[in-house]
Amino acid sequence: MLFFVFFIGFCFKAKAQNNFDNFFKPSDSLNKKRLNTVIVSEAIVGSATLIALNQAWYADYPRSDFHFINDNAEWLQMDKAGHVFSAYHLGSFGANALKWSGADKKSQLLYGSTLGLTFLTAVEVFDGFSANWGASLGDVAANVSGTALFVSQELLWDEQRIVPKFSFHTTPYASARPNVLGSSFSEQILKDYNGQTYWLSANIHSFFKSSKVVPKWLNVAVGYGAEGMITGKDEFVNTVFLPSDKRYRQFYLSLDVDLTKIETKSHFIKTILTVFNTIKIPAPTFEIKGLGETKFHWVYF
């Protein structure tokens, strides 16, 4: 009798786990319930985020007529790299959400992959009506580039062979202007461009599918970063501590892992791996500094 109870319990647990995993499995055909869930969820989350952003970022500053600014020379274009990264991955999320609902490929690309472009364009409108900022054509171009990177690969290869990724390490520059570059680790990840690195990570096997030597998960990544930045441009800032008075670019070459190529039958694990595939795996890295110096990192974050 005890064995029978355990057996029934095991069957219910297995069924529950199977139902949980099936929830993350993309539908084979259009599932209107899932589609409605995607549309409503994105509308609610997007609207709530914009409202919160408006209250936290813009509400305390004066408004103005809509205007543009030219900030293309600021932060050695690190902010533009961030826009490419954000537009790409928001678009990837939008397309995968529609794929999960069973929507066709055309809908995934037309309505899903433009999610990032739509959201970030709304943010640019907020900037344009703020007296302290302004809409940036450079930001718009970066947003379009990130969306185009995703869409073009789907049209050309029906897969994502080159994925933008992100890595971060703390720097001493934030302590010089914590109000601008961040006073906590979470703020510095978003604000301290000196510690950010943006990568284009290419899956080698995707370009050599007949190869039995190259692991399916192995990537090679090229990265871009910059240091020596206390302000957007070269303005003088009266600070007690300046780690450097030279602003310079950094270029990187490294190995990486495509987490989506790791084989698993679990759709839940596939989803988790897709989410974490936005982050560059720490690995040995060769660095070329814009000042002409080179450096090898055994492990670079």
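**Entry 1: Asp 71 and Lys 80**

I began with Asp 71 in this predicted model, and I noted that Asp 71 counts as buried because its relative accessibility is 8%, which falls under the 20% cut-off. I then looked for its charged partner and found that Asp 71 makes a salt bridge with Lys 80, with 3.2 Å between the closest N and O atoms. Lys 80 has a relative accessibility of 10%, so I entered Lys 80 as buried too.

**Entry 2: from Lys 80 to Asp 139**

I next followed Lys 80 to a further partner, Asp 139, and the closest N and O atoms of this salt bridge are 3.1 Å apart. I looked up where the two residues sit: Lys 80 belongs to helix 3 (residues 78-101) and Asp 139 to helix 6 (residues 137-157), so that the pair, 59 residues apart, links distant parts of the chain. For Asp 139 I read 6% relative accessibility, and Asp 139 therefore counts as buried.

**Entry 3: Arg 161, Glu 159 and the network**

I turned to another charged pair and found a salt bridge between Arg 161 and Glu 159, whose closest N and O atoms lie 2.9 Å apart. Arg 161 is at 12% relative accessibility and so counts as buried, and Glu 159, at 16%, is likewise classed as buried. I also checked which salt bridges share partners, and I noted that Asp 71, Asp 79, Lys 80 and Asp 139 are joined in this way into one network. For the structure as a whole I recorded ten salt bridges.

**Entry 4: the nonpolar surface patch**

I then moved to the surface, where I found a nonpolar patch of about 1,200 Å², to which Leu 200, Val 220, Val 222, Phe 251, Leu 253, Leu 255, Phe 286, Ile 288, Phe 296, Trp 298, Val 299 and Phe 301 contribute. I asked myself which elements give two or more residues to this patch. They are strand 5 (218-227), strand 6 (248-257), strand 7 (283-289) and strand 8 (294-300).

**Entry 5: Trp 298**

From the patch I picked out Trp 298, one of its residues, and I located Trp 298 in strand 8. Is Trp 298 buried or exposed? I read a relative accessibility of 70%, and since the cut-off for exposed is over 50%, I entered Trp 298 as exposed.

Methods. Residues numbered from 1 in each chain as written. Predicted model: local features only at pLDDT ≥ 70, side-chain atom pairs only at ≥ 80, totals over all residues. Heavy atoms only, no water. Patch = residues over 30% accessible without salt bridge, like charges linked within 9 Å, V, L, I, M, F, W, Y side chains within 5 Å. Areas by Shrake-Rupley, 256 points an atom, 1.4 Å probe, with all protein chains shown as cover. Salt bridge = Lys/Arg side-chain N within 4 Å of Asp/Glu carboxyl O. Helix = DSSP H or I, 4+ residues; strand = E, 2+ residues; numbered from the N terminus. Buried < 20%, exposed > 50% of the residue type's maximum accessible area, 1.4 Å probe, protein only.
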